[in-house]
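Thanks, everyone, for making the time. I would like to walk through one structure with you, beginning with its charged side chains and then turning to its nonpolar surface.

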Amino acid sequence: MITTERARRTERTPVLRRLDSGQLLLICVAGLVAVAGIAHTAAVGLDRAEIAVGFGALIAVGELARLTMPGNREVAPIGAAAALGYTLLLDLSQNPLRHSALQVVAVISVGMIAGALPHLAVGRPPRLDAMARRLLTGALLAFAFRPLADPLYALTKPPTSTWWPALAVMVTLIAASLLIDVLIAALLRAEQVRTAFRVAVRDEITMALPLGAAVGSSGVLLAVATHSMDLVALLVFAAPLLVTQVAFRKYAGIRATYLQTVRALSRVTEVGGYVEPGHSRRVSRLAVAIGRELGMAEPELLELEYAALMHDIGQLSLRDPIPGGATVLTEPEQARRIAELGAEVIKQTGVLDRVAEVVSRQCDPISADPPLASRIIKVANAYDDLVGPSTDRDRAGAALERIRCTPGGAYDPHALEALARVIDRGRL
């Protein structure tokens, strides 16, 4: 029994250590909000329990079917839409609903916990920071909207019988909550991946906001539909939401498989003895870190990662491998030829033309104005060729100085300075 408990503590410790201060603060705030909502609801009782249970069950299903999108973003579209729908409910069968914001928080919290339990049982714990964000976004919307529910419901009854003011308030508050969610996500991401906050905001808007807008629209439709369809609206809207989530899951799976395929292809040069073991992966990590330092957007970083992983694939055309695979020590013409041959191999895929161009131009001089990704790969490759897997800071400093002193301005100075900052932090 003691051994089992000790093993469990050992498994939990790395997870806690991976959480930075921002994530811990977010989780603590969300936990306090959840406890307050559950305690208040337990004390006063559920208002219209059957409705709370119905929406709570749909939230649980959404958490059970959560998925991970590109950029390691954990989302639960069905659960988020159900939480929004319950928050925005004005009536059911034209009978007003007066559940409080704290009851909304309690329903969302219990639904999330219920949906997470099966994952915990099979050893797939949810990301606590992602759950905390979803809960806080729903709580903020609930505290802003529920006090307005009665006056908005009054506008939907005769003689006015208009939904436009209610819809306007719903859309405005959802937009505000999405913006807050994007800002929170950007703050966390900027700290996790060491990028500028403005870059993180841009990436979150590009990658997460479209899905958020779709979830928000579904939540509004769900709330409006219950006006005339009762709880049947839950079943009617759950089906298309599930189909949409399946499509997102397939998309995320394809992206993950694509990256795994590229990584496997990049190891061919290592298996064949053309480059040192781990070289492609190290260059890829270093290049992405430099790209973040220079403010590259997430889609650009993905192309940079692909190109960096396969930057040496042209060496497969060589009869005799370069000693250590260090192209930085070869003649410029030979290095350029290797890059061009690698680009030809990549073009055969038919879908990586931009990656092929980045690889092809990685050895171009700065005067030829190669793409930024090509300049970054050239710097990262040269550094790893000289340093390899070593973590010795003196060796790293000597390698940086040697690259800086290369005659003819062969390396981009901005990429070099970004490399120096990344190495100085000692975290890729």
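E63, R66, E74 and R134 are joined to one another in a network of salt bridges, and I should say straight away that what you are looking at is a predicted model, which is how I would ask you to read everything that follows. Counted across this model, the salt bridges come to 20, and I will take you through three of those pairs.

Let me begin with D384 and R282, which form a salt bridge whose closest N and O atoms are 2.7 Å apart. This pair links distant parts of the chain, since D384 sits in helix 17, residues 372–387, while R282 sits in helix 13, residues 279–293, with 102 residues separating the two. As for accessibility, both D384 and R282 are buried.

The next pair is R127 with D129, a salt bridge in which the closest N and O atoms are 2.9 Å apart. Are the partners buried or partly exposed? R127 has a relative accessible area of 26%, so this arginine counts as partly exposed, whereas D129, at 5%, falls under the 20% limit and is therefore buried.

A comparable description applies to D364 and R361, which form a salt bridge with the closest N and O atoms 2.9 Å apart. D364 is buried because its relative accessible area is 14%, while R361, at 22% relative accessibility, counts as partly exposed.

Let me now turn to the nonpolar surface. I38, V110, I113, L117 and L120 make a nonpolar surface patch of about 420 Å². Which helix supplies the largest share of this patch? That is helix 5, residues 101–121, which contributes four residues. I38, for its part, lies in helix 2, residues 21–44, and because its relative accessibility is 33%, I38 counts as partly exposed.

Helix 5 also holds A106, and this alanine counts as buried because its relative accessibility is 5%. Leaving aside residues up to four places away in sequence, A106 touches G37, I38 and T41, so that I38, a member of the nonpolar patch, is also one of the contacts of the buried A106. If you look along the chain from there, A106 and V122 are 16 residues apart in sequence, and their C-alpha atoms are 25 Å apart in space.

I will stop there, and I am happy to go back to any of these residues on the screen.

Methods. Residues are numbered from 1 along each chain as its sequence is written. This is a predicted model: local features need pLDDT of at least 70, side-chain atom pairs count only at pLDDT 80 or more; totals for chains, interfaces and linings use all residues. Side-chain values use heavy atoms; hydrogens and water are left out. Patches are made of residues with over 30% relative accessible area and no salt bridge: like charges are joined within 9 Å, nonpolar side chains (Val, Leu, Ile, Met, Phe, Trp, Tyr) within 5 Å. Accessible areas come from the Shrake-Rupley method with a 1.4 Å probe; for residues, only the protein chains shown count as cover. A salt bridge is a side-chain nitrogen of Lys or Arg within 4 Å of a carboxyl oxygen of Asp or Glu. Buried means under 20% relative accessible area, exposed over 50%, partly exposed in between (1.4 Å probe, protein chains only). Contact means heavy atoms within 4.5 Å.
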